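I opened this entry to record how the strands pair and how the helices pack. The notes below follow the order in which I looked things up.

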Amino acid sequence: MAFLVGGLLVVFALLFIIMIISSLIIICPPNRVAVISGRQRTLSDGRTVGYRILKGGRTLRIPSLEKVAWMDLNTIPLEVSVTNAYSKGTIPLNVQGIANVKVSSSEGLLENAAERFLNVPHASIGQIAKETLEANLRGVLATLSPEEVNEDRLKFSQQLIDEADDDIKTLGLELDVMKIQNVTDDNQY
């Protein structure tokens with residue numbers, strides 16, 4: 001009887017230890033990143049931050065010292081549109097397009113995103129990206145005539161991507177796709 005009780009205690013102790021260890025293990029799928037904050041760490045550029053980032057894989061966290069937050073790397077589809085944006089010939093144009101952005105998984109950009117968007121809903125991230133793209137869209141439109149905008153939409157889209165890329169990367173985002181769907185004006189130009 002004592003042998004049976006001793007064996008049960010050992011089994012329960014092992015299960016308890018396994019449960020504790022499994023609660024300390026962080027397993028990160030490839031479409032998310034885990035931001036583990038609480039301890040100081042030096043980045044490759046020399047900055048000291050109070051977090052580390054895990055993208056795909058697993059690690060152990062130290063209880064009471066480290067806290068885990070998650071960020072999704074999924075694509076955020078956006079409808080981008082501007083109205084009455086003046087082109088080079090001072091013709092007000094209306095432009096509609098689509099864009100796909102996501103939190104960048106590239107080193108350096110991922111840290112930017114973590115500092116700006118940790119615990120921020122996808123909808124809010126999308127709204128910030130949309131406003132940034134629309135501002136860049138107005139800027140590019142101001143440099144092109146209505147004919148240039150309408151005749152070569154691929155070139156127009158590429159100019160917009162080139163213009164917006166730095167702003168988007170500063171936020172820690174990545175622009176996957178940007179396509180112009182429709183260009184019109186109210187003056188029937």
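**Strand pairing and helix packing**

I began with the pairing of S1 and S2, which is antiparallel and runs over 11 bridges. I keep in mind throughout that this is a predicted model. Looking at how the two strands are joined, I found that S1 and S2 form a hairpin with 5 residues between them, and that glycine 46 in the turn has a positive phi of about 95°. For a residue pair across these strands I noted isoleucine 26, which stands opposite threonine 59 in S2.

I then turned to the other partner of this pairing, and saw that strand S1 (residues 25–42) is joined to S3 by 6 bridges, the two strands running antiparallel. Across S1 and S3 I looked up two facing pairs: arginine 32 is opposite aspartate 72 in S3, and serine 37 is opposite lysine 67 in S3.

Which order do the strands take in the sheet? I read it as S2-S1-S3, an open sheet of 3 strands with antiparallel pairing. The edge positions belong to strand S2 (48–60) and strand S3 (67–72), each of which pairs on one side only. Averaged over the sheet and with direction ignored, neighbouring strands are turned by 35° against each other.

Next I checked what packs on this sheet, and found helix H1 (residues 2–24), which touches S1 and S2 and whose direction makes about 85° with that of S1.

My last lookup concerned two further helices. The axes of helix H3 (residues 122–141) and helix H5 (residues 153–171) come within 9 Å and cross at roughly 135°. Why do I call H3 and H5 oblique to each other? An angle has to be over 145 degrees to count as roughly antiparallel, and 65 to 115 would be roughly perpendicular, so the crossing at roughly 135° leaves H3 and H5 oblique to each other. I also recorded that the crossing of H3 and H5 is right-handed.

On the H3 side the contact is made by Ile128, Ala129, Thr132, Leu133, Asn136, Leu137, Val140 and Leu141, and on the H5 side by Phe156, Gln159, Leu160, Glu163, Ala164, Asp167, Ile168 and Leu171. Sorting the contact of H3 with H5 by class, I have 11 nonpolar, 3 polar and 2 charged residues.

Methods
Residues are numbered from 1 along each chain as its sequence is written. This is a predicted model: local features need pLDDT of at least 70, side-chain atom pairs count only at pLDDT 80 or more; totals for chains, interfaces and linings use all residues. Side-chain values use heavy atoms; hydrogens and water are left out. Axes are lines fitted to C-alpha atoms, for helices over the stretch in contact, and angles run from 0 to 180 degrees between N-to-C directions. Helices (H or I, at least four residues) and strands (E, at least two) are DSSP runs, numbered from the N terminus. Angles under 35 degrees count as roughly parallel, over 145 as roughly antiparallel, 65 to 115 as roughly perpendicular and the rest as oblique. A crossing is left-handed if the near helix is turned anticlockwise from the far one by less than a right angle, and right-handed if clockwise. Contact means heavy atoms within 4.5 Å. Ala, Val, Leu, Ile, Met, Phe, Trp, Tyr, Cys and Pro count as nonpolar, Asp, Glu, Lys and Arg as charged, and the others, Gly among them, as polar. Two strands pair if DSSP finds at least two bridges between them.
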